[in-house]
Amino acid sequence: MSDLKVTGIDFLKSQNTQQHHTDGYNIKNLVVRRGQPFQVQVSLNRELRPADKLSLRFGIGENPMKNRGSLLSLKPEREDFNGWKISVVKKNGKECLLSVTSSPNAPVGKYNLHVKTDTNIYKPENGAIYLLFNPWCEDDVVYMANEAQKKEYVLNDTGYIYVGSAYSIYDRPWNFGQFEEFILDACMYLLDKSKLSLNDRRDPANVSRAMSALVNANDDNGVVLGNWSGNYINGTSPMDWIGSVTILQNYYKTKKPVRYGQCWVFAGVLNTVMRCLGVPSRCVSTFDAAHDTEENLRVDIYLNERGEKLNSLSFDSVWNFHVWNDVWMKRTDLPNGFDGWQAIDSTPQEQSQGRFQCGPCPVKAVREGDVYLPYDSKFVYAEVNADRVYWVVKKVNGKEKYFKVGTETQAIGKNISTKAVGQNRREDITQEYKYPEGSKEERMSMQRAYSFIHPSGLMPRSGYASTIQTLGGNTQPLVLKEPVTKTGLQLEISNTEALYPGNPLEMAITVKISAPGNWTVDLTGSCQLQYYTGKVKANLGTIKETINLEGTSEMQMPLKIAPDAYMKTLSSVEDEVLILVTAIAEVKETNDKLTKETSMRFEYPPITIQMPEKAKLYNDFTCAFIFKNKLNVILENCKLLVEGLGIFKMTTFEDIMPGRIMKSEIICTPTRLGEKKIVAKLISNQIKGISTEKAITITE
């Protein structure tokens, strides 16, 4: 009787990938999710008989071995092997239909399938099967019950990243592109590079921590090299990316870090990687995020006597915004109560266990103040809860002295934002990270956090301030509400005209007092340009006024900056800069002091996309981009970047004069069904990025 031999194998790709929600991946191989059955059709040289030996062998890694768990040998109808099982669905002559169910906690990665019959081994073409996490499987720790959430957090390949400042939040469309060519392979390469053991690959907590380390280039030659210097001459400026695809494809091709990124680029790429591997993931932006290097829940801001913020003094900083990611999972390594969203951050800020990695930190641990839980919960807690303390540096008898002019306890970690599920709008998720300011729960959470952190009293601690005798300030660490001033002094900062580049910047500082009596208020105000990391780029102007207020009243002081004072700086920087206004008020009669700062972003005219609402698969359609320069300045070195629908295009333009219209057209050929998006961005020396996006539905 002839030996049983396999003559072919059909991976039934279209049926399997639809059932596994993996039909989007642009790859020849079969991609499936763990814990869920998939079928393969095996063709044999003769009928299968009861005495025949047939086994499917799944091997992972360089040298798969049974005793290491990296080689699984599955025989039909036998007991399961490491939680995997296989059964015969039907036999039809020489055809045999098999169903394979992997374990819901199988290591994720790339498995090679061989079929063994008697003494023969059959190695199919494209026989590598990619096994991913499965949010559709109740026994997988990344299980997510809500269908709309899975559609957003696993399957949506575009989205928004929120940036700007708390005063003016705006959305940057981003093309995650987790299904594009080579992206899954790049993620598999990162998994191999992470050196995670096979066992560690079972747990999304280990995988997400490893990915947070590998998405930055620090200490492991990871994907993106961070650069906040303002000089991007030998790479791509962080502002010029509008998606993760080009970055991951270049990295996979060259195996060298891609230059350059800042926080939203790291978060965009990490979001792509996690969604690609099957872990529900979202980009999270926090406004006024503290970078508290000493983990004592305090960030010191130093001002000179003109009210201008000083760069050089502090290692700590408050970023106008910071973007990280939340990934969804059960935490089997922690006590109960910490499942759900976990914060991970791939922006290289602080080392954790010797590497630039951060998380996963349970969002619930941040809210409850359980900052002893792994990983990096102290750092994440401080990012959204630190106090901001203002000091004025004055020369007294030739020596520098520090005077405290205000503490803000509710200024850090505002407007925590992510894209809403199934909608193109911002969802505020601050309440997932924090209890309402001033509530009893917040107080208890804060006391709990402080009991693990031990802040070091209140003294200035800049780069060299620690050697100076302190002013004997307040050493009570727990400030739970704004200090109540005797006069009810309040400050508000706003812009009175739209902040268009090329126009005067017109702002106002409003001083309010609520106590009866006559009050003399010394008001200092300054305007600066700063990077989103809080670093000052240029001083634009200051005002100093003494005003008299009677009883409950208010007064508005204008602060106006001429275009000449800032346009040169604005055109010379590669980064988007924000307008920072700082005000210090002192009531002479009571010595009440108050400091307030507000960051605002420049405003730009819009760019519009014209294209049909629907198009047919593989049928060309035209997409037009239109922009009218409504600014009073010439836009030099214009670039239009377009991504989406498999298109990656950059067009350069001559200068666009004021009042002129730019129009650009491209031809698109859709290759995938469903709702798809095009993302576009216009950049010039004077404007650092006007983004827009538009959806189109592709039908058969």
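## Exercises on a predicted model

Y260 is found in strand 14 (residues 258–261), where strands (E, at least two residues) and helices (H or I, at least four) are DSSP runs numbered from the N terminus. The model is predicted, so that local features need pLDDT of at least 70 and side-chain atom pairs count only at pLDDT 80 or more, while totals for chains, interfaces and linings use all residues. Residues are numbered from 1 along each chain as its sequence is written, and side-chain values use heavy atoms, with hydrogens and water left out.

### Exercise 1: backbone geometry

**Task.** Establish which residues a cis peptide bond joins to Y260 and to Y375, and describe the phi values of L12 and N221.

**Solution.** Start with the reference case: most residues other than glycine have a negative phi, and most peptide bonds are trans.

Step 1. The bond between R259 and Y260 is cis, with omega about 5°. A cis bond also joins P374 to Y375, where omega is about 0°, and Y375 lies in the loop between helix 7 (363–368) and helix 8 (377–385).

Step 2. L12 has a positive phi, near 45°, although it is a residue other than glycine; its place is the loop between strand 1 (6–10) and helix 1 (13–19). With a relative accessible area of 18%, L12 is buried, a class that means under 20%, against over 50% for exposed and in between for partly exposed (1.4 Å probe, protein chains only).

Step 3. N221, again a residue other than glycine, has a positive phi near 55° and sits in the loop between helix 4 (204–214) and strand 13 (224–226). Its relative accessible area of 45% makes N221 partly exposed.

### Exercise 2: a hairpin

**Task.** Work out how strand 11 and strand 12 are paired, and determine how the residues of strand 11 are covered.

**Solution.** Step 1. Strand 11 (residues 158–165) and strand 12 (residues 168–175) run antiparallel and are joined by 8 bridges; two strands pair if DSSP finds at least two. I161, for instance, has R172 of strand 12 as its bridge partner. The two strands form a hairpin with 2 residues between them.

Step 2. Of the 8 residues in strand 11, 8 are buried. T158, Y160, Y162 and G164 point one way, and G159, I161, V163 and S165 point the other way, yet all are buried.

### Exercise 3: the annotated residues

**Task.** Locate the residues under the UniProt annotation "active site", and trace the contacts of H322, D345 and T286.

**Solution.** Step 1. In an unreviewed UniProt entry, the annotation "active site" covers C263, H322 and D345; feature names are shortened, positions follow the numbering used here, and annotations may be inferred rather than shown by experiment. Although these residues spread over 83 residues of sequence, they cluster in space, with a largest C-alpha distance of 9.8 Å.

Step 2. H322 is part of strand 17 (residues 317–329) and counts as buried, at 1% relative accessibility. Neighbours within four places in sequence aside, the contacts of H322 (heavy atoms within 4.5 Å) include C263, T286, D345 and E383.

Step 3. D345 belongs to the loop between strand 18 (340–344) and strand 19 (361–362), and at 3% relative accessibility D345 is also buried. Not counting residues up to four places away in sequence, D345 touches S212, H322, V323, W324, Q357, C358 and E383.

Step 4. T286, found in strand 15 (residues 281–291), is buried with a relative accessible area of 0%. Among its contacts, leaving aside neighbours within four places in sequence, are N320, F321, H322 and W324.

### Exercise 4: the largest pocket

**Task.** Give the volume of the largest pocket and characterise its lining.

**Solution.** Step 1. On a 1 Å grid over the protein atoms alone, where a 1.4 Å probe defines cavities as sets of points it fits but cannot leave, a pocket is an open set with protein on both sides within 12 Å along at least five of seven lines, and lining residues have an atom within 4 Å of a point. Points are joined across faces, edges and corners, and a volume is the space filled by probe spheres set on them.

Step 2. The largest pocket holds about 1,200 Å³ of space. Of its 40 lining residues, L155, D157, L673, E675 and K676 are the closest to its centre.

Step 3. Helix 2 (147–155) and strand 37 (674–683) are the elements giving two or more residues to this lining, and helix 2 supplies the largest share, 6 residues.

Step 4. The lining comprises 12 nonpolar, 15 polar and 13 charged residues, with Ala, Val, Leu, Ile, Met, Phe, Trp, Tyr, Cys and Pro as nonpolar, Asp, Glu, Lys and Arg as charged, and the others, Gly among them, as polar.
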